[in-house]
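Here's a quick briefing to read with the structure open beside you. Take it one topic at a time, and look up each residue as you go.

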Amino acid sequence: MSGDDEKRSVFGDQAGSVELLWGGRERPSRGPKPALSLERIIRTAMALADAGGLGAVSMQRVAGELDFTKMSLYRYVPGKTELVALMVDTAMGEPPAAAGGDWRTALREWAEQLAAAFRRHPWLLEATVGPRVMGPHELDWAERALGALSDTGLNGGEQLDAVVVVTGHVRAITQISASMGLSSAQAKEPEQVMAAALNELLIGRSDRFPALTAALASAEETDSRDQSLEFGLERILDGLEAHIARRAKAPAPARGRRRRPTA
């Protein structure tokens, strides 16, 4: 990317991430044949993040894991910001194949696969907020979700908003799980983490929190817990379905008709 192009880029000082993510990944052109590879660097950094969170990743730490100097890494990636961008895109991977059936089936499957990606790599929750450069895999996910809604009659803005709402629900559930500690209480699902934590806190306190105690007990008896991801997703999809139905029944807006001036 030329100096003039970088000045015009909306990404400013993150233009390096754009170059690496969108086709600018080149092997060093000088010196002996490299023993490192960008792929090895990314995978090593991801392993560190999976084990200890995003804070465990540094250029120095990654270099040490690879038994190279930190300066060796800079031949492949300018710094941690660019490395994290590459980690995110690699961790996201290809989106799920388009599910057969209607838009609702496709969007549900998409959301469930997104939740699975966040559970595999909890650090993605932290790495995918704030001003940053999104990579091709991440945009592939957005493309797949929007494709599911393309024939629903929703306009472009509504389609984008729908994807944001679904993504927000998935993030919220997995964020709660991460904040309570996935490694505790033999929990494998976000809702199990919440239930285990609440049950422990309520021991000897049921008089103060009778509604919460009763709700948890009822959920246990009816086997209706561990469903907040699915429950919220279905309600979101219900709302979208109702909105799409209303849109289909609404008369088309008149075009080319000028308002008659008032006296």
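**The big picture**

The chain exposes about 16000 Å², and carbon and sulfur atoms supply 53% of that area. Keep in mind that this is a predicted model. As for what the chain is built from, there are 13 helices and zero strands.

- Reading along the sequence, you get the pattern α-α-α-α-α-α-α-α-α-α-α-α-α.
- Of the 263 residues in the chain, 38% are buried.
- If you take the contacts with a separation of 6 or more, 70% of them are between residues 24 or more positions apart.

**Salt bridges: a pair inside one helix**

- Side chains of opposite charge can pair when their charged atoms come close.
- How many salt bridges does a search of the whole structure find? The count is nine.
- One of them joins the side chains of Glu65 and Arg61, at 3.9 Å from N to O.
- Both Glu65 and Arg61 sit in helix H4, which covers residues 59-66. They're four residues apart, or about one turn of the helix.
- Glu65 counts as partly exposed because its relative accessibility is 47%, which falls between the 20% and 50% cut-offs.
- Arg61 counts as partly exposed too, with a relative accessibility of 40%.

**Salt bridges: linking two helices**

- Now find Arg104, which forms a salt bridge with Glu234; their closest N and O atoms are 2.8 Å apart.
- Arg104 is in helix H7 (residues 103-120) and Glu234 is in helix H13 (residues 228-249), so this pair ties together parts that are 130 residues apart in sequence.
- Is Arg104 buried or exposed? Arg104 counts as buried, because its relative accessibility is 11%, and the cut-off for buried is under 20%.
- Arg104 also meets Glu241 in a salt bridge, side chain to side chain, at 2.5 Å from N to O.
- Here again the partners are in H7 (Arg104) and H13 (Glu241), so the pair ties together parts that are 137 residues apart in sequence.
- Glu241 has a relative accessibility of 40%, so Glu241 counts as partly exposed.
- Zoom out a little and you'll see one network: salt bridges that share partners join Arg104, Arg108, Glu234, Arg235, Asp238 and Glu241.

**Rings**

- Arg235, a member of that network, lies over the face of Phe231, at 5.0 Å from the ring centre.
- When it comes to aromatic pairs, the structure holds one.

**A nonpolar patch and its surroundings**

- Which residues form a nonpolar patch on the surface? They are Trp22, Met134 and Leu139, and together they have about 280 Å² of accessible area.
- Leu139 belongs to helix H9, residues 136-149. With 36% relative accessibility, Leu139 counts as partly exposed.
- Pro136 is in helix H9 as well, and is partly exposed with a relative accessible area of 23%.
- Leaving aside neighbours within four places in sequence, Pro136 is in contact with Leu21, Trp22 and Asp89. Trp22 is the residue you just met in the patch.
- Pro136 and Asp89 are 47 residues apart in sequence, yet their C-alpha atoms are 7.1 Å apart in space.

**A buried alanine**

- Ala85 is part of helix H6, which runs over residues 80-92.
- Ala85 counts as buried because its relative accessibility is 13%.
- What does Ala85 touch, leaving aside its neighbours within four places in sequence? Ala85 is in contact with Ser17, Leu21 and Val133.
- Along the sequence, Ala85 and Ser17 are 68 residues apart, but from C-alpha to C-alpha they're 6.7 Å apart in space.
- Leu21 is worth a second look: Leu21 is in contact with Ala85 and also with Pro136.

**An unusual backbone angle**

- Most residues other than glycine have a negative phi.
- Asp67 isn't a glycine, but has a positive phi of about 65°.
- Where's Asp67 found? Look in the loop between H4 and helix H5 (70-73).
- Asp67 is exposed, because its relative accessible area is 70% and the cut-off for exposed is over 50%.

Technical notes. Residues are numbered from 1 along each chain as its sequence is written. This is a predicted model: local features need pLDDT of at least 70, side-chain atom pairs count only at pLDDT 80 or more; totals for chains, interfaces and linings use all residues. Side-chain values use heavy atoms; hydrogens and water are left out. Patches are made of residues with over 30% relative accessible area and no salt bridge: like charges are joined within 9 Å, nonpolar side chains (Val, Leu, Ile, Met, Phe, Trp, Tyr) within 5 Å. Accessible areas come from the Shrake-Rupley method with a 1.4 Å probe; for residues, only the protein chains shown count as cover. A salt bridge is a side-chain nitrogen of Lys or Arg within 4 Å of a carboxyl oxygen of Asp or Glu. Buried means under 20% relative accessible area, exposed over 50%, partly exposed in between (1.4 Å probe, protein chains only). Contact means heavy atoms within 4.5 Å. Rings of Phe, Tyr and Trp (its six-membered ring) pair if their centres lie within 6.5 Å; planes under 30 degrees apart count as stacked, over 60 as edge-to-face and the rest as tilted. A charge sits over a ring if NZ of Lys or CZ of Arg is within 6 Å of the ring centre and within 35 degrees of the ring normal.
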